[in-house]
Amino acid sequence: MSRIKKITRPYAWESLQARIDESIITKQPMIERTFWYEHVDSGQMYHDLYGCVGWPTESTDKLQGMPGYCAVVGVVKSKTDKPVRDAGFRIMGEGESGDIPTLLQKMLELRQEWGFGLHPDLLQAWLGDPERFIMTIALLNERLMLKGGDKMAILISPPDDCDEPKAFDTYKRSLESVIVSNPVRFAFGGNDILKNKLREFRRNDPAVFAVGGLVHSLLVRCTWMDQTRENMFVVEEGEERAA
């Protein structure tokens, strides 16, 4: 059962048009969406939620490989007038395993828990290295699509700058920047895996790569906001409206 529900602002189209008009006047290229997500138990609101994965590292004669890691991260919707672009990030759930099928199963569990299917793009694609374990993922997707169609497949999309030689260093710096920012823009949400990985830091740790790559991409693209264009939003029938 999902722990997240989707909320759509009343008179969403009118609100969107007003935001577009204001953005044109103020020359702002991005606007806040007219829908968001709410945590069922706590009432905390989120602009969007994203999945990320870091694959296990290979073992060597001297070092044991590090387990793979996956997480769902929410972009926190502030209850104050804090600028939407400066939203914070919170880990909603995480998991790790050195076994690829087990790691993929954890990804399926996390996306189901955190609202997969509430919106076409929600947790459809996970940020990670799309060149690893292609056959294993393809076989899983084949089974998933037989049950529920193309929309059930797990898609892996590369984070920004993934091909750069020093991508890990870039991701680590981006993650550290939101952890030590004032005010702090990153919360572990009661989850300990990434927190412990940062304390015992090892280079190329899949957990740091996964969340760091996600945070880096979010900071670069601010994907929880919409570009200003008049055809970007259609109110879907049957969605829950905000009071």
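**Buried charges, salt bridges and aromatic pairs**

Glu-94 is buried yet forms no salt bridge. The nearest side chain of opposite charge, that of Lys-195, is 8.5 Å away. The model is a predicted one. Glu-94 is placed in strand 6. Backbone nitrogens approach its side chain. That of Asp-192 lies 3.0 Å from a polar atom of the Glu-94 side chain. The backbone nitrogen of Leu-194 lies 3.3 Å from a polar atom of the Glu-94 side chain. Beyond residues up to four places away in sequence, Glu-94 touches Tyr-69, Cys-70 and Ala-71, together with Lys-106 and Leu-110. Asn-191, Asp-192, Ile-193 and Leu-194 complete the list of residues touched by Glu-94.

Arg-185 is another buried charge with no salt bridge. For Arg-185, the nearest side chain of opposite charge is Asp-86, at 4.6 Å. A salt bridge requires a nitrogen-to-oxygen distance within 4 Å. Asp-86 also offers its backbone: the backbone oxygen lies 3.4 Å from a polar atom of the Arg-185 side chain. Arg-185 sits in the loop between helix 4 (167–179) and strand 9 (186–187). With neighbours within four places in sequence left aside, the contacts of Arg-185 include Arg-85, Asp-86, Ala-87, Gly-88 and Phe-89. Val-178, Leu-219 and Trp-224 are also in contact with Arg-185.

The protein chain as a whole comprises 6 helices and 10 strands. It has 243 residues, of which 48% count as buried. Among contacts in the protein chain with a separation of 6 or more, 72% come from residues 24 or more positions apart.

Salt bridges number 8 in the structure. One of them joins the side chains of Glu-32 and Lys-77, with N and O 2.5 Å apart. Glu-32 belongs to strand 2 (residues 30–32), and Lys-77 to the loop between strand 5 (68–76) and strand 6 (89–97). The pair therefore ties together parts that are 45 residues apart in sequence. Both Glu-32 and Lys-77 are buried.

Asp-160 and Arg-221 form another salt bridge, with their closest N and O atoms 3.1 Å apart. Asp-160 lies in the loop between strand 8 (155–157) and helix 4, while Arg-221 is in helix 6 (residues 206–221), so the bridge ties together parts 61 residues apart in sequence. Asp-160 is buried, at 17% relative accessible area. Arg-221 counts as partly exposed, at 38% relative accessibility.

A further salt bridge is formed by the side chains of Arg-203 and Asp-169, at 2.8 Å from N to O. This pair links distant parts of the chain, 34 residues apart. Arg-203 is in the loop between helix 5 (193–199) and helix 6, and Asp-169 is in helix 4. Arg-203 is partly exposed, with a relative accessible area of 47%. Asp-169 counts as buried, at 18% relative accessibility. Elsewhere, salt bridges with shared partners join Arg-33, Asp-48 and Asp-226 into one network.

Aromatic side chains were examined next. With ring centres within 6.5 Å as the cut-off, the count comes to 6 aromatic pairs. The rings of Phe-186 and Phe-188 have centres 5.2 Å apart and planes at 80 degrees, so this pair is edge-to-face. Both Phe-186 and Phe-188 are buried.

Charged side chains also sit over aromatic rings. The charged end of Lys-6 is placed over the ring of Phe-35, 4.5 Å from the ring centre. Arg-111 lies over the face of Phe-116, at 3.9 Å from the ring centre.

Phe-116 is also among the residues touched by Leu-122. Leu-122 lies in the loop between helix 2 (100–113) and strand 7 (125–127). Leu-122 is buried, with a relative accessible area of 1%. Its C-alpha is 8.6 Å from that of Arg-111, and the two residues are 11 apart in sequence. Not counting residues up to four places away in sequence, Leu-122 also touches Tyr-37, Asp-48, Leu-49, Trp-114, Gly-115 and Gly-117. Asp-48, one of these residues, belongs to the salt-bridge network with Arg-33 and Asp-226.

Conventions: Residues are numbered from 1 along each chain as its sequence is written. This is a predicted model: local features need pLDDT of at least 70, side-chain atom pairs count only at pLDDT 80 or more; totals for chains, interfaces and linings use all residues. Side-chain values use heavy atoms; hydrogens and water are left out. Rings of Phe, Tyr and Trp (its six-membered ring) pair if their centres lie within 6.5 Å; planes under 30 degrees apart count as stacked, over 60 as edge-to-face and the rest as tilted. Buried means under 20% relative accessible area, exposed over 50%, partly exposed in between (1.4 Å probe, protein chains only). A charge sits over a ring if NZ of Lys or CZ of Arg is within 6 Å of the ring centre and within 35 degrees of the ring normal. Helices (H or I, at least four residues) and strands (E, at least two) are DSSP runs, numbered from the N terminus. Lys and Arg count as positive and Asp and Glu as negative; His and the chain ends are not counted. A polar contact is a pair of N or O atoms within 3.5 Å; within protein, one must be able to donate a hydrogen and the other to accept it, and residues adjacent in sequence count only if both atoms are side-chain atoms. Contact means heavy atoms within 4.5 Å.
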